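Trainee: I should be grateful for a close look at a single part of this model, together with what surrounds that part.

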Amino acid sequence: MSGDFVSSGDPAYEAKVLMISVAARMAGMHPQTLRQYDRLGLVQAGRAAGGGRRYSVRDVVLLREVQRLSQDDGINLAGVKRIIGLERLLEQAQQRVARLEAELDAAYRRIAELESLGGFPRGDLVPTNRTSTALVVWRPRRTPDR
């Protein structure tokens, strides 16, 4: 859907530069509908210095999705708002998973790098197959001055 304009990786995709009349035309709806969607929290318009609403290409893509869900799929606007919110949460979770996977890969690479340096001390890591049910109680030593 966003292929009609700029790609989502392009910084212009997020820029709030489109006047309401342009965004409405691009989304295929009336400007009053955009105002209503803004009031309902379905889309968050930026504001120009004079107070006019400004939209991004991302907002236009979202408006098209709102229109598709409400008109084609028959979902009410409260349902559309919930779906959009869940999609945002999913996108954030996917980004976090990707970031954590990258960190994990970097950690594995670092471990492999350290292990390849011949003198990596591994004496503290001893594999064992024994299981134990022993209980160890530790108490700090008391010094005579206490």
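Mentor: The account below follows one helix and the residue after it, and then turns to a later segment.

The model is a predicted one. Helix 1 comprises residues 20-27, and its buried residues are Ile20, Ala23, Ala24 and Ala27. Viewed down the axis of helix 1, these buried residues fall within an arc of 100°, so they line one face of the helix. The spacing accords with a general rule: an α-helix has 3.6 residues a turn, so residues three or four places apart point the same way. The cover over the buried residues of helix 1 includes strand 1 (18-19) and helix 2 (31-40), as well as strand 3 (53-55) and helix 3 (57-72).

Directly after helix 1 comes Gly28, with a positive phi near 75°. Gly28 belongs to the loop between helix 1 and helix 2. Its relative accessible area is 52%, and Gly28 is therefore exposed, the cut-off being over 50%. Although Gly28 and Gln67 are 39 residues apart in sequence, their C-alpha atoms are 8.9 Å apart in space.

The later segment offers a second setting. An unreviewed UniProt entry annotates residues 83-117 as "coiled-coil region". In the model, this span is 97% helix and 0% strand, and its end C-alpha atoms lie 51 Å apart. Helix 4 (residues 77-116) contains Tyr108. Together with Leu104 and Ile111, Tyr108 makes a nonpolar surface patch of about 310 Å². Tyr108 is itself exposed, with a relative accessible area of 52%.

Key:
Residues are numbered from 1 along each chain as its sequence is written. This is a predicted model: local features need pLDDT of at least 70, side-chain atom pairs count only at pLDDT 80 or more; totals for chains, interfaces and linings use all residues. Side-chain values use heavy atoms; hydrogens and water are left out. Buried means under 20% relative accessible area, exposed over 50%, partly exposed in between (1.4 Å probe, protein chains only). Helices (H or I, at least four residues) and strands (E, at least two) are DSSP runs, numbered from the N terminus. The arc is that of the directions from the helix axis to the C-beta atoms. Contact means heavy atoms within 4.5 Å. UniProt positions are given in the numbering used here, feature names are shortened, and annotations may be inferred rather than shown by experiment. Patches are made of residues with over 30% relative accessible area and no salt bridge: like charges are joined within 9 Å, nonpolar side chains (Val, Leu, Ile, Met, Phe, Trp, Tyr) within 5 Å. Accessible areas come from the Shrake-Rupley method with a 1.4 Å probe; for residues, only the protein chains shown count as cover. A salt bridge is a side-chain nitrogen of Lys or Arg within 4 Å of a carboxyl oxygen of Asp or Glu.
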